Amino acid sequence: MHSGVAVSAPASASAIAGGGARSEAAAASRRPGGIRLCGLRGEALARGSLRISHAPAAARRVAAPRAAAAAPQNGAVAGGGFDYDLVIIGAGVGGHGAALHAVEEGLKTAIIEGDVVGGTCVNRGCVPSKALLAVSGRMRELHDEHHLKSMGLQVSSPGYDRQAVADHANNLASKIRSNLTNSMKAIGVDILTGFGTIVGKQKVRYGKVGFPDKEITAKNIIIATGSVPFVPKGIEIDGKTVFTSDHALKLESVPDWIAIVGSGYIGLEFSDVYTALGSEVTFVEALDQLMPGFDPEIAKLAQRVLINTRKIDYHTGVFASKITPAKDGKPVLIELIDAKTKEHRETLEVDAALIATGRAPFTNGLGLENINVVTQRGFIPVDERMQVTDADGNVVPNLFCIGDANGKLMLAHAASAQGISVIEQISGRDHILNHLSIPAACFTHPEISMVGLTEPQAREKADKEGFEVSVVKTSFKANTKALAENEGDGIAKLIYRPDTGEILGVHILGLHAADLIHEASNAMALGTRLQDIKLAVHAHPTLSEVLDELFKAAKPKEGQERKPKHPPQLLLKVLSFITSVLSSKQ
Amino acid sequence: MAATPAPLSLSASALSARLRLAAPASRAASARRRGPMVVRAKIREIFMPALSSTMTEGKIVSWSAAEGDRVTKGDAVVVVESDKADMDVETFYDGIVAAVLVPAGESAPVGAPIALLAESEEDVALAVAQAQALSSGQAQQAPPPSDADAPPPPSPPPAAAAPAPVAAGTKGVATPQAKKLAKQHRVDLAKVTGTGQFGRITPADVEAAAGIQPKPKVAPPTAAAPVAAPSVRAVPQASVLPPVPGATVVPFTAMQAAVSKNMVESLSVPAFRVGYPILTDKLDELYEKVKPKGVTMTVLLAKAAAMALAQYPVVNASCRDGASFTYNSSINIAVAVAIDGGLITPVLEQADKLDIYLLSQKWKELVKKARAKQLQPNEYNSGTFTLSNLGMFGVDRFDAILPPGQGAIMAVGASKPTVTADKDGFFSVKNKMLVNVTADHRIVYGADLAAFLQTFAKIIEDPESLTL
């Protein structure tokens, strides 16, 4: 009977172990059947190690008992005569993630921060913007009389207090900042204040800009200095009428008419905020289409839902060659030139301009010249293991760069994942992060999210590598929960290989898309095939059924001839049998 | 909402059936504009597609292409809602989206034109003019159609705006929403004076120009000034009657709105009426004879009117700009038909040329289509003269309102046995009907109408010629 369990229900076993084995000690003590279940868990771990990106997680569990005995603490002594096992330059989300994991791995860790803990994301990016977007989402709902009426609601004259909205964003940022700081302090990470400079191999100085007076040595160094808003030349920032996301998040004003230069995530999110608060928006996009980074189909629908119906117009295929802040009683002037011919197109007169043309790496003053590293457009060149490469293309030992500074994938959670990947390597477990399984989200209303390849990218890859690509789509209009919320706008799209059932990409536009994407991104990270995931059960009625429908609509070719799989019910029966045996003994 | 074009009235009247078949239709500006300069306009309509076999009507979710956009074959121009998902609809032709006839959020029956596509820049102005004719005059399902491109009011704007009908912000700077509203309400931004900051045109300016009452901004303050508010509102809305307690308010359907609009518009035309008694015994005899062959009284009257019109082209003419006669090349008799929730005017084209049997056949088809609301635009808006008959209800006489873009309309009462005295003083009982014609006095004078009616009466009283 017992052996029957281990052999017959491997997949289900791993699922259960995944939940239960996070901290073994805890699991064992909590569960009455813990001892018997160990057999299952062993099976799960054995299987887990077969998965490429899952390996570290499994390994971490093995190490867990040591750390879990007490709360993990920063390693007391660094090995090899260094001050630290690891020094991280930059305490943003990437550095923070790396520091936490390093301590868990028993590394003596220090983090150097020249500004505020939390970096861009927490202080000037994702976090405060979510506060503003939370406000804008509600304002939008309250102003949508038609929508409310159709649900039988009556609201009279919703309004807002700009300062209070701004405070909400600011308070959120401080709260998350202190959470982050405390989480590092609690485990004893040394937070060193100042700007870090690499002065030689495994050697870092830090202190005030230009006066790095303190020197420390470290076995390994991670550069995680992030990025700053990119401002093209010709644009004069005054912080009042012409500004970047850094200023905009403070919401010091809500202009009547604002031009947003750049229609990527940042621009799009701000357009959502500003239009909800009553502004009119004009997009200026250098490429021929708005939202260039998105899957074309998603971009098309996004334009329909997020642009066309709102107080937004746009100019595409143009550069803002010159932007003059408002002064002397004149509005903000934006000179537009054709992106191709460079000819003057027109001059916009607006109340404010938000520059959202992307972000530039913040890598100046890092002392890279001391170790023969040359940045590329400011980005620090790294290999797939985040190891910094020097001017000759050789790996610089013991030096890593994660996050926006390497430009691989400029997302907070990507930086954190890269940091964890680096720690895995330092701890002796080779690890390569699969960037294709990192999801991204744009928090407009409704949200947009994506993971993996866009359809054109997938088709290109398929052409090159000679496999077939299939696409299935489903509409939020077909989802009960979405309709209950009266939010039927949206689609989800799955791009996959019918021959193997591998998920190549998932794109969602719709209610809570940012939360929905993880089922897909996790499946991709774990290598779950569509044949398997389409059998998974989703609670009804939930938005997650949008993905369920997507998975079920997919037609992987070799679904049927897989070796017969026992239904999970068998495992449940076995478990209930074990439980009954145990309880009868008691 | 702006002049929301009625579902059935979406097409420019100048467009012929060929266009609907999506064949390239190039035609000189239109028959009556034939001038020394031949404008070869290539304007195509974009139609509401049938996305499923059961679809009869589609809702426009949004326009992917805006007015003024250049599109190429295969581009998605509009998103149409079907039962489960929204579908992108592509254009089959290259061109410039000259006019959106059905704005986003509204519905149109399958096959109805939803936008005009101009082949080149030069055609845009014409298409815009057509579209304007549509949205203003023409909602013709109801009152008879004009062959008109542009009934009096809209015609000046297209002329003036022709160079840049939709170009925004050439003079004043307009905000994004102002531009959107201007497009939606067909407001020429060049004519709007901006009152916003830096003299910029605000959405409120456009709404004012379009004659839209500003959204009741008054509503929120009611809390603060509950007493003042009503009195403030009362002034601008003087023409709106106070609500009747307990009454049910049913907004106009698109068709009803179009009727209303056309009726109000007729007030700007100096119309006059001339009545004429006609003996119909012979006509009734003829009717009994041809009835088995499927000929209806309506067709006989239409045919008679057409024959009379052939002799008096001025009655078949129209006055479009207040400064000229527009003589129509063919005689198309529009006949008012009551249908569920409104009325529509199917058109018997070339009624003077076709015989009564052919006309009857055509009429049958038209009525069938009208009841099914499947009339194609040119089948209800190409009339040059309208016939309205209430005789079947026993109405002995009535007076019709002149539809915009036409010179005259004939109101026919019931034919009733009446005691008459002939020229020798002998009394007899004969069937007599009263006919009343309303005409535009700018082009049709009393004598014209009298002569026309006399001819018409002769034809009716000696109806043999009708069967020829």
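How many bridges join strand S8 of chain A to S15(A), and do they run parallel or antiparallel? Hi everyone, let me take that one straight away: there are three bridges between S8(A), residues 242-244, and S15(A), and the strands run parallel. Please keep in mind as we go that this is a predicted model.

Let's stay with S15(A) for a moment. Strand S9 of chain A, residues 257-261, also pairs with S15(A), through four bridges and again in parallel. If you look for Leu354(A), you'll find Phe243(A) standing opposite it in one pairing, and Ile260(A) as its bridge partner in the other. S15(A) itself covers residues 352-355. Ala352(A) and Leu354(A) point one way from the strand, Ala353(A) and Ile355(A) point the other way, and all of them are buried.

Now, on to where the two chains meet. Chain A brings 25 residues to the contact and chain B brings 23. Together they bury about 1800 Å², with 51% of that on carbon and sulfur atoms. Two salt bridges are counted between the chains. One to look up on your screens joins the side chains of Lys179(B) and Asp313(A), at 3.2 Å from N to O. We also have eight residue pairs in polar contact across this interface.

So what does chain B's side look like? The elements giving two or more residues to it are strands S3 (57-63), S5 (76-81) and S6 (86-90), plus helix H4 (176-185). H4(B) supplies the largest share, with five residues. By class, this side of chain B has 12 nonpolar, seven charged and four polar residues.

That's my tour, thanks for listening!

Terms used:
Residues are numbered from 1 along each chain as its sequence is written. Chains are lettered from A and ligands numbered from 1 in the order in which they are written. This is a predicted model: local features need pLDDT of at least 70, side-chain atom pairs count only at pLDDT 80 or more; totals for chains, interfaces and linings use all residues. Side-chain values use heavy atoms; hydrogens and water are left out. Buried means under 20% relative accessible area, exposed over 50%, partly exposed in between (1.4 Å probe, protein chains only). Two strands pair if DSSP finds at least two bridges between them. Contact means heavy atoms within 4.5 Å. Buried area is the accessible area (1.4 Å probe) that two parts lose on being put together, summed over both. A salt bridge is a side-chain nitrogen of Lys or Arg within 4 Å of a carboxyl oxygen of Asp or Glu. A polar contact is a pair of N or O atoms within 3.5 Å; within protein, one must be able to donate a hydrogen and the other to accept it, and residues adjacent in sequence count only if both atoms are side-chain atoms. Ala, Val, Leu, Ile, Met, Phe, Trp, Tyr, Cys and Pro count as nonpolar, Asp, Glu, Lys and Arg as charged, and the others, Gly among them, as polar.
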